[in-house]
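Dear colleague,

I am passing on the structure we spoke about, and below it I set out what was found. Please read the notes with the structure open beside them.

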Amino acid sequence: MPQAVAAAPAPPAKVADQLAARFGKRLGFFVVSGTAALELALGELGLRPGEEVLVPSLSCPAVGVAVLRAGGCPVFVPSTPALTLDLDWLCERVAGSEIVIVDHLYGMTVDVRTLRERFPALRIIEDTSKAWGATWQDIPVGTAGNLAVCSFGRNKPLDAGGGGGVFAMDDHAGRLLTPHAVETGQADVPWLPYGLPDWADGTIAQAVERADRKLAFRTRRASEVISRLTRIGLAAMIPAVGTKWSWNRITAHVPTSSDMGTVITEIEQMGLIVLRPRVHLNWELPVFKGVSKPPPARDREYLSNILFIKI
Ligand SMILES: Cc1ncc(COP(=O)(O)O)c(C=O)c1O
């Protein structure tokens, strides 16, 4: 009688693939930085030389820089008073299959699902670098875009000291998103970034645990701080019902009529730490001069009424 052979246990899922599940994706690829992850994602979505890519006007400059490095032309999309991508502007501007990078800046989530429903052919990269664990109406960030990208850089919610990831479903894991291409680079794509060595997996897995603990703490702390701000008449910007607070500060909108100095003193007297935004007006940076398209100039006005409160 032949002996029954025990089935070999399935190999444990790679850390990158486990992380992909958090963004509603199946496959994950770790690379050297968030910027590299964006470049890789742009290549994977078929960016052509000189092609326009819609990027948020208020965001980390690395987002637009990744477009330049990958050979595209950043077109800056204006923001709403909540500092997120102006979807109305975007919907008027797109024809159907453009590439757009959505940044959930400071955990302020953008309604990517609606964008996806209106423009099924749009190629959407969701940058979740500043929104680990955040949700849009209970839908985790990263799930509605074609690809999700995350930086694991210092001071990000998911801080592994450096690195980045691209997360995809099978239909978007094509020419560039293969373990071989990511690990070795491809001769015909000179800017293709290299993957992280396997030993980085442990560091990233630990960073995920830390990020989850912080997420639980911040969600509690944010609701406390928001109710105190509401008592002094400051609208804290909560993006949507069902949103978890992933960033380490709350964005508060000060009514234009208020005296900013008095408001800051009042908040500080509550024992809270106030920070003024230093968000870049990206299109004014030298790197983008002459190689990008600026948005209508109303973001500066929005920024002047914003305060960050540390949580
Ligand atoms: C939204 C966003 N995307 C991408 C990046 C770039 O990430 P990295 O510094 O890991 O290249 C940053 C960095 O601050 C960021 O804030």
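In what follows, a residue counts as near a molecule or strand if its C-beta atom, placed from the backbone, lies within 6 Å of it. The model is a predicted one, in which local features need pLDDT of at least 70 and side-chain atom pairs count only at pLDDT 80 or more, while totals for chains, interfaces and linings use all residues. Residues are numbered from 1 along each chain as its sequence is written.

The ligand has 14 residues around it, of which Ser33, Gly34, Thr35, Cys60 and Ser151 come nearest. Helix H2 (34-44) and helix H3 (61-69) each contribute at least two residues to this shell; helices here are DSSP runs of H or I with at least four residues, strands are runs of E with at least two, and both are numbered from the N terminus. By residue type, the shell consists of three nonpolar, eight polar and three charged residues, where Ala, Val, Leu, Ile, Met, Phe, Trp, Tyr, Cys and Pro count as nonpolar, Asp, Glu, Lys and Arg as charged, and the others, Gly among them, as polar.

Further along the chain, four strands form an open antiparallel sheet in the order S10-S11-S13-S12, two strands being paired if DSSP finds at least two bridges between them. Its edge strands, each pairing on one side only, are S10 (235-236) and S12 (274-275). S10 is joined to S11 (residues 249-253) by two antiparallel bridges, and alanine 235 stands opposite histidine 253 in S11. Helix H7 (residues 200-231) packs on this sheet and touches S10, S11 and S13 (306-310), its direction making about 20° with that of S11; contact means C-beta atoms, placed from the backbone, within 7 Å, and the angle, on a scale from 0 to 180 degrees, is taken between N-to-C directions of axes fitted to C-alpha atoms, for helices over the stretch in contact.

Two backbone angles deserve a look, since most residues other than glycine have a negative phi. Leucine 83, in the loop between strand S3 (73-77) and helix H4 (87-93), has a positive phi of about 70°, and this leucine is buried, with 23 other C-beta atoms within 10 Å (20 or more make a residue buried, 12 or fewer exposed, and numbers in between partly exposed, with C-beta atoms placed from the backbone). Glutamine 137, in the loop between strand S6 (135-136) and strand S7 (139-140), has a positive phi near 45°, but is exposed, with 12 such neighbours within 10 Å.

With best wishes

Terms used:
Two residues are in contact if their C-beta atoms, placed from the backbone, lie within 7 Å.
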